[in-house]
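Please open the model in your viewer and keep the selection panel to hand. The tour moves from one selection to the next, and at each stop it says what to look for.

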Amino acid sequence: MKLQRKNRVRALAVGALAVSGALALTACGSDNTTGGSGGGSSAKAANVKCDGKGKLLASGSSAQKNAMDVWVQNYSGACQGTEINYQPTGSGAGVTTFLQGQTAFAGSDSALKPEEIAKSKTLCKGGQAIDLPMVGGPIAVGYNVPGVDNLVLDAPTLAKIFDSQITNWNDAAIKKLNPGAKLPDLKIQAFHRSDDSGTTDNFTKYLKAASGGAWKHEPAKKWEGTGGQAASGSAGVSSQVKQTSGAISYFELSYATAGKIPTVKINTGAQAPVEATVDNASKAIAEAKPAGQGANDLALKLNYATKAEGAYPITLVTYEIACDKGNKAETLPATKSFLTYVSSKDGQDALKALGYAPLPTEIADKVRKTVATLS
């Protein structure tokens with residue numbers, strides 16, 4: 001049964017990737033009246049309350065791309081008059097484009113900075129941009145090491161790998177964490193994101209918080225580590241790991257699932273190393289504390305240094321960013337309709353099979369209430 005379930009999850013994730021190219025460009029522009037991939041989507045899409053007409057432009061986080069593909073497809077099955085075009089340009093680019101007034105909302109794996117909120121008040125007349133948590137999940141550390149399929153690492157070792165201080169797979173620090181593994185004499189090929197990325201921001205926040213000083217750089221969307229190689233987007237770095245012997249990188253779990261890329265178990269100091277799974281990420285996200293700026297801002301502060309049993313520490317929460325007040329009249333109805341769907345139980349239930357963690361009930365309820373007040 002476990003094998004069947006694993007195969008089903010992989011099939012769903014692969015299916016999501018297969019349709020993503022078409023969805024990003026055409027969204028609801030077809031005559032298809034059934035909701036999307038994965039079976040049962042049309043029934044869920046039937047619960048959508050459709051408002052607004054025309055084209056809704058959005059961009060940002062590539063980590064939430066696979067979730068967005070399925071959401072757009074399901075929404076399209078119910079709302080034929082609205083075309084949603086989400087471009088996975090990366091969190092930094094998505095926020096910039098939104099603040100320039102070019103999109104209805106943005107996706108970002110990092111909450112808005114104070115200076116970004118201040119700038120948004122020019123765009124959001126009478127209000128400000130707010131963070132709406134919508135997607136949770138683990139940032140997997142995928143690797144390609146011949147003969148090794150059960151790799152354990154900890155934060156100090158990962159920090160040194162990604163800062164070019166540990167450069168070979170048979171290094172003593174890696175051996176100590178994997179006493180039974182046959183580690184090859186093979187150069188480590190560490191890949192990081194070339195674009196400004198919320199996934200990078202969250203990954204480096206983990207390294208900073210949990211490595212005991214081994215990570216010397218400040219967390220940021222832009223990669224600050226020493227050396228390594230770069231690729232664009234989660235799709236780019238995961239592809240490099242898939243095809244490069246000795247490679248390691250970080251990306252959202254669905255890319256590992258779809259590419260059948262093995263992932264690192266993290267030694268957090270708990271009794272057992274923790275695997276990158278949806279349920280284990282949910283245990284870590286449950287420790288998040290409110291950190292919003294303003295009554296309607298629902299940003300969260302994650303505990304990257306958690307040692308709770310079974311809690312996977314390298315997590316992210318991806319936000320949809322919109323104006324609380326001052327949204328454009330021509331896009332507001334469709335924006336509210338779409339965000340209402342994706343934050344609904346149906347929208348959140350579509351996530352788990354793709355390797356994402358649905359929002360905890362208390363957080364999801366706050367998101368739905370806030371979306372209803374957008375104006």
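The stops below begin with the whole chain, go on to the central sheet, and then turn to the helices.

**The whole chain.** Begin with everything displayed, bearing in mind that this is a predicted model. The protein chain has 14 helices and 12 strands, and of its 375 residues 55% count as buried. Among contacts with a separation of 6 or more, 77% are made by residues 24 or more positions apart.

**The sheet.** Next, select the strands of the open sheet, which number 8 and follow the order β2-β1-β3-β12-β4-β8-β6-β7, with mixed pairing. At the edges you will find β2 (82–87) and β7 (229–231), each of which pairs on one side only. Ignoring direction, neighbouring strands of this sheet are turned by 25° against each other on average.

**β4 and β12.** Within the sheet, select β4 and β12, which form an antiparallel pair with 9 bridges. As a landmark in this pair, take D131, which stands opposite I321 of β12. Now add helix α8 (residues 198–210), which packs on the sheet and touches β4, β6 (189–193), β8 (247–252) and β12, its direction making about 70° with that of β4. Then add helix α12 (residues 332–343), which also packs on the sheet, where it touches β1 (54–60), β2, β3 (105–108), β4 and β12; the direction of α12 makes about 45° with that of β4.

**β6 and its two neighbours.** Move on to β6 and show its side chains. How many of the residues of β6 are buried? The strand is mostly covered, with 5 of its 5 residues buried. In a regular strand, side chains alternate between the two faces of the sheet. Here Q189, F191 and R193 point one way from β6, whereas A190 and H192 point the other way, and all are buried. Turning to the pairing, β6 and β8 run parallel and are joined by 2 bridges, with I248 in β8 as the bridge partner of A190. The pairing of β6 with β7 is also in the parallel sense, over 3 bridges, and in β7 the bridge partner of H192 is A230.

**α6 against α8.** Keep α8 on display and select helix α6 (residues 155–162), which packs against α8 at an angle of about 125°, the two axes being 9 Å apart. That angle makes α6 oblique to α8, and the crossing of the two helices is left-handed. To see the contact itself, show A155, P156, L158, A159 and F162 of α6 together with F203, Y206, L207 and A210 of α8. Because 6 of the 8 residues of α6 are buried, this helix is largely enclosed by the rest of the structure; the buried ones are A155, T157, L158, A159, I161 and F162. Just after α6, pause at S164, which takes a positive phi of about 65°.

**α11.** For the last stop, select helix α11 (residues 278–285) and colour V278, N280, A281, A284 and I285, which are buried. Why do these residues lie on the same side of α11? They do so because they cover an arc of only 160° around the axis. To see what they meet there, add β4 (129–143), α10 (253–259) and β12 (315–323), against which the buried residues of α11 pack.

Notes. Residues are numbered from 1 along each chain as its sequence is written. This is a predicted model: local features need pLDDT of at least 70, side-chain atom pairs count only at pLDDT 80 or more; totals for chains, interfaces and linings use all residues. Side-chain values use heavy atoms; hydrogens and water are left out. Buried means under 20% relative accessible area, exposed over 50%, partly exposed in between (1.4 Å probe, protein chains only). Helices (H or I, at least four residues) and strands (E, at least two) are DSSP runs, numbered from the N terminus. The arc is that of the directions from the helix axis to the C-beta atoms. Contact means heavy atoms within 4.5 Å. Two strands pair if DSSP finds at least two bridges between them. Axes are lines fitted to C-alpha atoms, for helices over the stretch in contact, and angles run from 0 to 180 degrees between N-to-C directions. Angles under 35 degrees count as roughly parallel, over 145 as roughly antiparallel, 65 to 115 as roughly perpendicular and the rest as oblique. A crossing is left-handed if the near helix is turned anticlockwise from the far one by less than a right angle, and right-handed if clockwise.
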